[in-house]
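Here's a quick briefing to read alongside the model. Grab your viewer and follow along.

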Amino acid sequence: MKTIDVVAAVIQNEDGLFLATQKGYGPFKGGWEFPGGKIEQNETCKQALVREIKEELDALIEVKELIDTIQVDYPDYRVSLNCYLCKLLSDKIVLREASDSKWLSKDQLDSVDWLKADSILVEKLKEL
C-alpha cells in the first residue's frame, strides 16, 4: 500500500485556542482539519509546514515540537500525518484553499466534523 507523508500545523494562539480549517475542495471537501499538506521531495517536515501554511493561509509560522505521527489507512493508500505544535507569526490569515476557519478551545474541539486522521489528533490534544 502506498504511503503519503503529510504534515499538519496545530496552530495554537496566546489564548490557548487551536486553528481549524474547513477543506474547500477535493474528495474531503467540507471536512475540518488542521492546515498542512504533502511533504515534497527533499523537504523536511518543518520546511513543508512553513511552505504549506504560506500557500494555504498566506501566513508565517514557527514550528515547535512534534506532537505525534498518526497513520490512517484509506482503501487505496495510507496517510502518515506528522503533527506539529506551531505558533502563528503573522497578524492575520487569508483562506486561500479553505472555505472556513475557526479558533477552538479544547472544549470546543468536538464542535466540528474532523477528517479521519485529524479526529485522532483531536483526541490526543484533549489529553495534553
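What covers the buried residues of helix α1? Among the elements packed over them are β1 (2-11), β2 (18-23), β4 (36-38), β5 (61-73) and β6. Keep in mind that this is a predicted model. Below, the helix comes up before S80, the open sheet and the largest pocket.

**Helix α1**
- α1 takes in residues 45-57, 13 residues in total, and covers 17 Å from first C-alpha to last, close to the 18 Å expected at 1.5 Å a residue.
- The buried residues here are C45, A48, L49, R51, E52, I53, E56 and L57.
- As a bit of background, an α-helix has 3.6 residues a turn, so residues three or four places apart point the same way.
- Right after α1 comes D58, and its phi is positive, near 50°.

**S80 in strand β6**
- β6 spans residues 77-88, and S80 is found in that strand.
- Is S80 buried or exposed? S80 has a relative accessible area of just 6%, which is under the 20% cut-off, so it counts as buried.
- Leaving aside residues up to four places away in sequence, S80 touches T3, I4, D5 and V6, and also T69, I70 and Q71.

**The open sheet**
- Three strands make up an open sheet in the order β3-β2-β7, and the pairing is antiparallel.
- The edges belong to β3 (32-33) and β7 (98-104); each has a single partner strand, so one side of each is left without a neighbour in the sheet.
- How many bridges join β2 to β7? There are 6, and the two strands run antiparallel.
- To pick out a bridge pair, look at F18, whose partner in β7 is L104.

**The largest pocket**
- The volume of the largest pocket comes to about 590 Å³.
- It's lined by 28 residues, and those closest to the centre are V6, K23, F28, E33 and G37.
- Which elements give two or more residues to the lining? They are β1, β2, β4, α1, β6 and α2 (116-127).
- β1 provides the largest share of that lining, with 4 residues.
- Sorted by class, the lining of the largest pocket has 15 nonpolar, 7 charged and 6 polar residues.
- V6 turns up twice in this briefing: it is one of the residues closest to the pocket centre, and it is also among the contacts of S80.
- α1 is another repeat: β1 is included in what covers its buried residues, and both elements contribute to the pocket lining.

Definitions and conventions. Residues are numbered from 1 along each chain as its sequence is written. This is a predicted model: local features need pLDDT of at least 70, side-chain atom pairs count only at pLDDT 80 or more; totals for chains, interfaces and linings use all residues. Side-chain values use heavy atoms; hydrogens and water are left out. Buried means under 20% relative accessible area, exposed over 50%, partly exposed in between (1.4 Å probe, protein chains only). Contact means heavy atoms within 4.5 Å. The expected span of a helix is 1.5 Å times one less than its number of residues. Two strands pair if DSSP finds at least two bridges between them. On a 1 Å grid over the protein atoms alone, a cavity is a set of points where a 1.4 Å probe fits but cannot get out, and a pocket is an open set with protein on both sides within 12 Å along at least five of seven lines; lining residues have an atom within 4 Å of a point. Grid points are joined across faces, edges and corners, and a volume is the space filled by probe spheres set on the points. Ala, Val, Leu, Ile, Met, Phe, Trp, Tyr, Cys and Pro count as nonpolar, Asp, Glu, Lys and Arg as charged, and the others, Gly among them, as polar.
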